[in-house]
Amino acid sequence: MTRVRLATMGGSEVSRRLVNVTLDNLDDLPRRCRRCVFWELDPVSGERAQMSGDPGLEKEAWISATLLEWGSCGKICYVDGVPAGFVLYAPPLYVPRSVAFPTSPVSADAVLLMTAHIIPEFSGGGLGRMLIQGVAKDLTRRGVRAIEAFGDLKWEQPGCVMPAEYLLAVGFKTVRPHLRFPRLRLELKTAVSWREDVEVALERLLGSMTPERALRPV
């Protein structure tokens, strides 16, 4: 768990805390995201769950299975105890929807950044940077070489696919172009080689991250 205290302009302190997603805090995700299984199921199963099943239970089952088989697969950021944003990630094997994209498959040495979300009232405070750094630190410790994600070049409104503009701004590079859904990649191997000071290494790698405005409710 990462805990940070920052002084506000008024002189008061704000507590920011980053924790792993678990079954115990899953309900702290926004209600719509808590019941969304866009990434967790293939298109046919996802539609079936939305129409006649319980997507909330499907989400819980996915989190449970992924935690047991692979480990940490998400982060939640709290500001003064209030859930302010989250991110989910997993190897492509655990993300059936990933094969439905025209720029799939995700590289074998990468973990897929599925989705990220910042509550609008907390945007602009560096939480997007905090979330992505938390993912990068976790995966670096676990020996993962890179993070990949599908971006939306025509993003106009909240959705499950992150804006390509945001991914490019936080350091991702396009590895497979597409008019709508390019696949992007953030290398972590450099950070792994700087084991004596991982914090500094990741600050160098991800220090340009700023635009929380691109993250909106999904």
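Which residue takes a positive phi in the hairpin of S3 and S4? In this hairpin, which has two residues between the strands, Asp-80 takes a positive phi near 50°.

Before going further, a word on the basis: this is a predicted model, in which local features need pLDDT of at least 70 and side-chain atom pairs count only at pLDDT 80 or more, while totals for chains, interfaces and linings use all residues. Residues are numbered from 1 along each chain as its sequence is written, and side-chain values use heavy atoms, with hydrogens and water left out.

**Strand S4 and its neighbours**

Helices (H or I, at least four residues) and strands (E, at least two) are DSSP runs numbered from the N terminus. Strands count as paired if DSSP finds at least two bridges between them. S3 and S4 run antiparallel and are joined by six bridges; Val-79 has Val-82 in S4 as its bridge partner. Six bridges also join S4 to strand S5 (residues 110–118), again antiparallel, and here Phe-86 is partnered by His-117 in S5. Seven of the nine residues of S4 are buried, so the strand is mostly covered (buried means under 20% relative accessible area, exposed over 50%, partly exposed in between, with a 1.4 Å probe and protein chains only).

**Aromatic pairs**

Now to the rings. Those of Phe, Tyr and Trp (its six-membered ring) pair if their centres lie within 6.5 Å; planes under 30 degrees apart count as stacked, over 60 as edge-to-face and the rest as tilted. Searching the whole structure gives six aromatic pairs, including these two:

| Pair | Centre to centre | Angle between planes | Type |
|---|---|---|---|
| Trp-39 and Phe-150 | 6.4 Å | 10° | stacked |
| Trp-70 and Tyr-89 | 6.2 Å | 85° | edge-to-face |

The stacked pair links distant parts of the chain, 111 residues apart: Trp-39 sits in the loop between helix H1 (31–34) and helix H2 (43–52), and Phe-150 in strand S6 (residues 146–152). Trp-39 counts as buried at 3% relative accessibility, and Phe-150 is buried at 1%. Both belong to a cluster that ring pairs build from Phe-38, Trp-39, Phe-101, Phe-150 and Phe-181.

In the edge-to-face pair, Trp-70 lies in the loop between helix H3 (55–69) and strand S3 (74–79), 19 residues from Tyr-89 in strand S4 (residues 82–90). Trp-70 is partly exposed at 23% relative accessibility, whereas Tyr-89 is buried at 0%.

**Charges over rings**

A charge sits over a ring if NZ of Lys or CZ of Arg is within 6 Å of the ring centre and within 35 degrees of the ring normal. Arg-142 lies over the face of Trp-70, 3.9 Å from the ring centre, and Arg-17 lies over the face of Tyr-78 at 4.5 Å.
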